[in-house]
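The following exercises concern a predicted model of a protein structure. Please work through each task with the sequence and the coordinates at hand before reading its solution.

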There are 2 protein chains.
Amino acid sequence: MSAPLRLGLAGLGTVGIGVVRIVQAQADLIATRSGRPVTITAVSARDRTKNRDADLSAYTWETDPVALATREDIDVFIEVMGGHDGPARHATEVAIASGKHVVTANKALLAHHGQVLAEAAERQGVALRFEAAVAGGIPVIKALTEGLAANRIKRVMGVMNGTCNYILTRMQSAGLPYETVFEEARQLGYLEADPNLDVGGIDAGHKLSILAAIAFGTRVSFDAVELEGIGNVSVDDIRLAEDMGYRIKLLGVAQMTGRGLEQRMTPCLVPADSPLGQLQGGTNMVVLEGDSVGQIVLRGPGAGMGPTASAVMADVIDIARGIRVPTFGIPASDLAQPKAATSATPAPYYLRMTLLDKPGALAKIATSLGDAGISIDQMRQLHRPGDRAEDAVVLIVTHKAAPADITHATASFATTGVLVGKPVAIRIEEV
Amino acid sequence: MSAPLRLGLAGLGTVGIGVVRIVQAQADLIATRSGRPVTITAVSARDRTKNRDADLSAYTWETDPVALATREDIDVFIEVMGGHDGPARHATEVAIASGKHVVTANKALLAHHGQVLAEAAERQGVALRFEAAVAGGIPVIKALTEGLAANRIKRVMGVMNGTCNYILTRMQSAGLPYETVFEEARQLGYLEADPNLDVGGIDAGHKLSILAAIAFGTRVSFDAVELEGIGNVSVDDIRLAEDMGYRIKLLGVAQMTGRGLEQRMTPCLVPADSPLGQLQGGTNMVVLEGDSVGQIVLRGPGAGMGPTASAVMADVIDIARGIRVPTFGIPASDLAQPKAATSATPAPYYLRMTLLDKPGALAKIATSLGDAGISIDQMRQLHRPGDRAEDAVVLIVTHKAAPADITHATASFATTGVLVGKPVAIRIEEV
């Protein structure tokens, strides 16, 4: 058996302690599978005195992650501190420059600085791995980069923020408004310190941009992701969509079109009986579509100590086994700068609006849609207990329409004189 | 860019031609991802004159796969002939002995000779890879061997024969008996030449035994798989199970227990709203459960030209990239001979029986169950149009019970004097 692979672990939060536990509990299993022992040499975190419920006594303590990153007695620098600038970034850069392999769970770091870091790692001949950064315990980076490597990827989709899916699922099952469930989630500790990272779709957008880079051989382009969070999703729309056979998910979609790379992370309707529609609570799902393989669906825990540490350690074992694959699947210098396209791929849309309940109102809306070249697949007019007597709620599912045409048509509804409030338009992603 | 990786392709059926198509259509993509060109040097099949709808003119033709396996100008021998003895086995052995890497889609070969072949490959320092052998296009071998390498695997489950799942799904949706749907499947070309490989559970059992070897670090032990096909599944049970919230699947389960390795490929009930329960038609699903990661579900096409060739080529690209992992995840000599255990893991059971509709009949059955230590979770007595006037159909869902106790109890029903015909007992796998 070869020499041990020696780890330096920067960050002793949930994920870091999860890594410590696996290394300690599964030492024999990992040595057998890796062909060599895997050991922790040194650790670092801000506060040494904190009780972490793990025995760290055998490890050298470094207060400064940069000092950890340059130690002669580590082969792999594990970055599970978080944050896309500051110490995480700096220590990662130093680790690479010092010839260490790097394993990180930091999606924000990769979304913002992935290209520069990948180039540096390749210059130094070290691995930069990040299975834990996308969809937690699901081995999706490996599935996409290696398992589907013979495919031209057509589309990547994913529900990749468990907190958002928890909130949307709970709104549906309990019939509670967003604000109430958001507050519940906060009290349960499900939200990031800056909740907008979750509910604003930023965290999930980071993940999507990383998957898109691998799928399409392009540089990570997070700034080009169309982002819309779940804050405007109403329990009304969740219920009405359900009645029509759909569920609302914060869904990421990346696809290469003739116009360029479309990336969006937005609330979407998906069929209730599809794997994505069936996804409840905090679980993640990623859908990969290749020209040869067709559709592959991966489902599993997207966060938590065990799953995230499992993914970090998969990368470590790959390194121990000598597996080397370029960071984003092809050499970083070959990654093309993607042409960012705003979404133009047509899709059916769900429209909800309130109209004045008077003769001809519906005809005016239908005419507006027709003028925009949009045809109607389903339509329902409702009057529910609690609706104002003079109002009618109208639901429309369109046939496939270009996003710009939907925007144009819904804007024109205001000129009909029959619209009450603002119409809601949500894309129905065909899965 | 390095020298080309040169392939010798033995077998030009559906999968072989799929490989040819990918190599030809995606040459640039594969070269970029592999870091080197991947080319086909020579091919072999029994009949050279057959029209195969692919341009093979650039490849040297070998009539004998053994001659192909020993050619100096190939680096990788791709075996997609099929059959677990005869030419496929012999040519694979010769290829390994000649220092060629081997990629195979042949589950039967691995289930019967995996240990010997893996040992030979390791002695020769060549790769023996088989992603396509289990669940077609789903990258499950990679997910289990590499993606979940930091986990002690607790259980592996799978619906891995698309034909069986097609038959069961169609029986359910159309209300047709097994024999009718079997005949439909035969006419659609879904069945192997020997249909028992499909409907007898043998093909799926081969796949399960391969997954179990990787999951538990044990030698492939196909002979120890408890096999029961779908030939005795009645449309009645499918319908009654559905009424109680379950679906019937040909489900493989492998788990390591204190008594040894349990492997079974049998019809089971699973909750209708679980991912396994939702699986319709020919799609495959594999569920992997690890101590750290929890449950990972993989879903995708289990057969067909594109998906299977995608998996073959993923192995080829791994080899081109220099990725080397032992055939079953750890060195073949370290694989332990598993102690085979007959299923003793308790589970709830679905019981259906017909009783004489007279006072005390049900009490006698309940007493038999109680005497065997089995308690009842749900019970229904039905009298449906078409049932004989003097009969009552009784459905029971038990609490968890040991399989041996179920066998004992159902055998004892015959002594009650109220049983008509034979009782049906189907395990409910907790997923």
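**Exercise 1: Domains of chain A**

Chain A is assigned domain 1 (5-133), domain 2 (141-303) and domain 3 (349-427), the bounds coming from an automatic or database domain assignment. Residues are numbered from 1 along each chain as its sequence is written, while chains are lettered from A and ligands numbered from 1 in the order in which they are written. In this predicted model, local features need pLDDT of at least 70 and side-chain atom pairs count only at pLDDT 80 or more, whereas totals for chains, interfaces and linings use all residues.

Task: determine how domain 1 of chain A is placed against domain 2 of chain A.

Solution. Step 1: the centres of the two domains, taken over C-alpha atoms, are separated by 28 Å. Step 2: 10 residues of domain 1 of chain A are in contact with 11 residues of domain 2 of chain A, contact requiring C-beta atoms, placed from the backbone, within 7 Å. Step 3: the domain 1 side comprises five nonpolar, three polar and two charged residues. Here Ala, Val, Leu, Ile, Met, Phe, Trp, Tyr, Cys and Pro count as nonpolar, Asp, Glu, Lys and Arg as charged, and the others, Gly among them, as polar.

**Exercise 2: The interface**

Task: describe the contact between chain A and chain B, and state which element of chain A gives the largest share.

Solution. Step 1: each chain enters the count, with 47 residues from chain A and 47 residues from chain B. Step 2: on the chain A side, the elements giving two or more residues include α2 (27-34), α6 (140-147) and β12 (294-301); helices (H or I, at least four residues) and strands (E, at least two) are DSSP runs numbered from the N terminus. Step 3: α13(A) provides the largest share, nine residues. Step 4: by class, this side of chain A has 23 nonpolar, 15 polar and nine charged residues.

**Exercise 3: The sheet across the chains**

Task: trace the sheet through both chains and identify its edges.

Solution. Step 1: the open sheet has 12 strands with mixed pairing, in the order β8(A)-β10(A)-β9(A)-β7(A)-β11(A)-β12(A)-β12(B)-β11(B)-β7(B)-β9(B)-β10(B)-β8(B); strands pair if DSSP finds at least two bridges between them. Step 2: β8 (226-227) of chain A and β8 (226-227) of chain B stand at the edges with a single partner strand each, so one side of each lacks a neighbour in the sheet. Step 3: between the chains, β12(A) and β12(B) run antiparallel and are joined by three bridges; V297(A) has R299(B) as its bridge partner.

**Exercise 4: Strand β11 of chain B**

Task: establish which strands flank β11(B), and whether its residues are buried or exposed.

Solution. Step 1: β7(B) (residues 153-159) pairs with β11(B) in the antiparallel sense over six bridges, with V159(B) opposite M285(B) and R155(B) opposite E289(B). Step 2: β12(B) is joined to β11(B) by eight bridges, also antiparallel, and M285(B) has R299(B) as its partner there. Step 3: β11(B) and β12(B) form a hairpin with three residues between them. Step 4: eight of the eight residues of β11(B) are buried, that is, 20 or more other C-beta atoms, placed from the backbone, lie within 10 Å of their own.

Terms used: Contact = placed C-beta atoms within 7 Å. Buried ≥ 20, exposed ≤ 12 C-beta atoms within 10 Å, placed from the backbone.
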